[in-house]
Amino acid sequence: MAKFKGRQFRVSVRTSTGPDVYAVIGGIRTESVTINSETVDVTDKDGSGWRELLEGAGITSMSIKGSGVVSDNVVFTDHIMVAKMANTHKTIKLESGLGDVFTGVFAIPSVERAGEYNKEETFSISLESAGVVTYTAAA
């Protein structure tokens with residue numbers, strides 16, 4: 001069974017349209033994604049005593065987190081930081097080493113930057129889906 005390198009798991013931001021152009025967020029070292037779905041409990045007294053969940057109901061969301069080293073990368077400063085400060089959304093693409101792709105519009109609820117004496121300046125970022133996220137399975 002094939003294994004995949006963590007560096008093949010990439011988060012990119014759309015930098016221009018017509019055609020869409022995406023660029024990897026500069027300096028990023030680690031990324032993770034969580035897909036959440038709320039459930040709707042429809043259990044009632046007529047049931048079997050087991051919880052019953054309504055199929056297809058609830059809200060689905062995606063959260064992406066990343067961290068890395070702050071660099072002079074234009075993508076981070078001109079697209080992520082500018083969008084955060086303006087409180088605007090960005091189109092984000094997440095690609096796995098397998099070739100799966102998730103694309104959608106995301107809010108940037110938090111960007112954290114830190115630095116210690118005699119060490120690199122680092123950042124962490126969180127992204128929350130702000131609409132439908134499309135999934136394209138690896139071919």
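These legends go with a set of close-up views of one predicted model.

**Figure 1. The whole chain, from end to end.**
Start with the overall layout: the protein has one helix and eight strands. Reading from the N terminus, the elements go β-β-β-β-α-β-β-β-β. The radius of gyration comes out at 19 Å, well over the 14 Å that the globule rule gives for 139 residues, so the protein is more spread out than a compact globule. Along the principal axes, the C-alpha atoms fill a box of roughly 65 × 35 × 35 Å. Buried residues make up 27% of the 139. The accessible surface adds up to about 9,200 Å², and carbon and sulfur atoms hold 51% of that. If you look at contacts with a separation of 6 or more, 62% of them are between residues 24 or more positions apart.

**Figure 2. Inside the largest nonpolar core.**
Which residues have the most contacts inside this core? They are Val11, Ile64, Ile80, Ile92, Phe123 and Leu127, out of 20 residues in the core. At least two core residues come from each of β1 (10-16), β4 (60-69), α1 (74-86), β5 (90-95), β6 (101-115) and β7 (121-129). Helix α1 gives the largest share, with five residues.

**Figure 3. Phe123 and its surroundings.**
Here we zoom in on Phe123, one of the residues with the most contacts inside the core. Set aside the neighbours within four places in sequence, and Phe123 still touches a long stretch of partners: Ile25, Gly26, Gly27 and Ile28, then Gly66, Ser67, Gly68, Val69 and Val70, plus Phe76, Glu112 and Arg113.

**Figure 4. Two residues of strand β1, Ser12 and Thr15.**
Both Ser12 and Thr15 sit in β1. Is Ser12 buried or exposed? Ser12 counts as buried because its relative accessibility is 3%, under the 20% cut-off. Beyond residues up to four places away in sequence, Ser12 contacts Tyr22, Ala23, Val24 and Ile25, and also Thr91, Ile92, Lys93 and Glu95. Thr15, by contrast, is partly exposed, with a relative accessible area of 28%. Leaving out neighbours within four places in sequence, the contacts of Thr15 are Val21, Tyr22, Ala23, Val75 and His79. For a sense of scale, the C-alpha atoms of Thr15 and Lys93 are 11 Å apart, with their positions 78 residues apart along the chain. As background for any strand view, side chains in a regular strand alternate between the two faces of the sheet.

**Figure 5. Strand β7 and the strands it pairs with.**
β7 pairs with β4 in the antiparallel sense, over seven bridges. In this pairing, look for Gly66 standing opposite Ile125 of β7. How many bridges join β6 to β7? There are eight, and these two strands also run antiparallel. One bridge to find is Ala114 with its partner Thr122 in β7. β6 and β7 make a hairpin with five residues between them, and Asn118 in the turn has a positive phi of about 65°.

**Figure 6. Arg14 and Asp20, one of three salt bridges.**
The model has three salt bridges in total. In this one, Arg14 meets Asp20, and the closest N and O atoms are 3.7 Å apart. Arg14 counts as partly exposed at 26% relative accessibility. Asp20 is partly exposed too, with a relative accessible area of 42%.

**Figure 7. Glu120 and Arg29, a salt bridge between separated parts of the chain.**
The closest N and O atoms of Glu120 and Arg29 lie 3.9 Å apart in this salt bridge. Why does the pair tie together parts that are 91 residues apart in sequence? Because Glu120 lies in the loop between β6 and β7, while Arg29 lies in strand β3 (residues 28-37). Glu120 is partly exposed, with a relative accessible area of 37%, whereas Arg29 counts as exposed at 57%.

**Figure 8. Glu121 and Arg113, another salt bridge.**
Glu121 forms a salt bridge with Arg113, where the closest N and O atoms are 3.1 Å apart. Glu121 counts as partly exposed at 38% relative accessibility. Arg113 is partly exposed as well, with a relative accessible area of 39%. Arg113 also turns up among the contacts of Phe123.

Methods
Residues are numbered from 1 along each chain as its sequence is written. This is a predicted model: local features need pLDDT of at least 70, side-chain atom pairs count only at pLDDT 80 or more; totals for chains, interfaces and linings use all residues. Side-chain values use heavy atoms; hydrogens and water are left out. A nonpolar core is a set of buried Ala, Val, Leu, Ile, Met, Phe, Trp, Tyr and Cys residues joined through side-chain atoms within 4.5 Å. Buried means under 20% relative accessible area, exposed over 50%, partly exposed in between (1.4 Å probe, protein chains only). Helices (H or I, at least four residues) and strands (E, at least two) are DSSP runs, numbered from the N terminus. Contact means heavy atoms within 4.5 Å. A salt bridge is a side-chain nitrogen of Lys or Arg within 4 Å of a carboxyl oxygen of Asp or Glu. Two strands pair if DSSP finds at least two bridges between them. The radius of gyration is taken over C-alpha atoms; the globule rule is 2.2 Å times the number of residues to the power 0.38. Accessible areas come from the Shrake-Rupley method with a 1.4 Å probe; for residues, only the protein chains shown count as cover.
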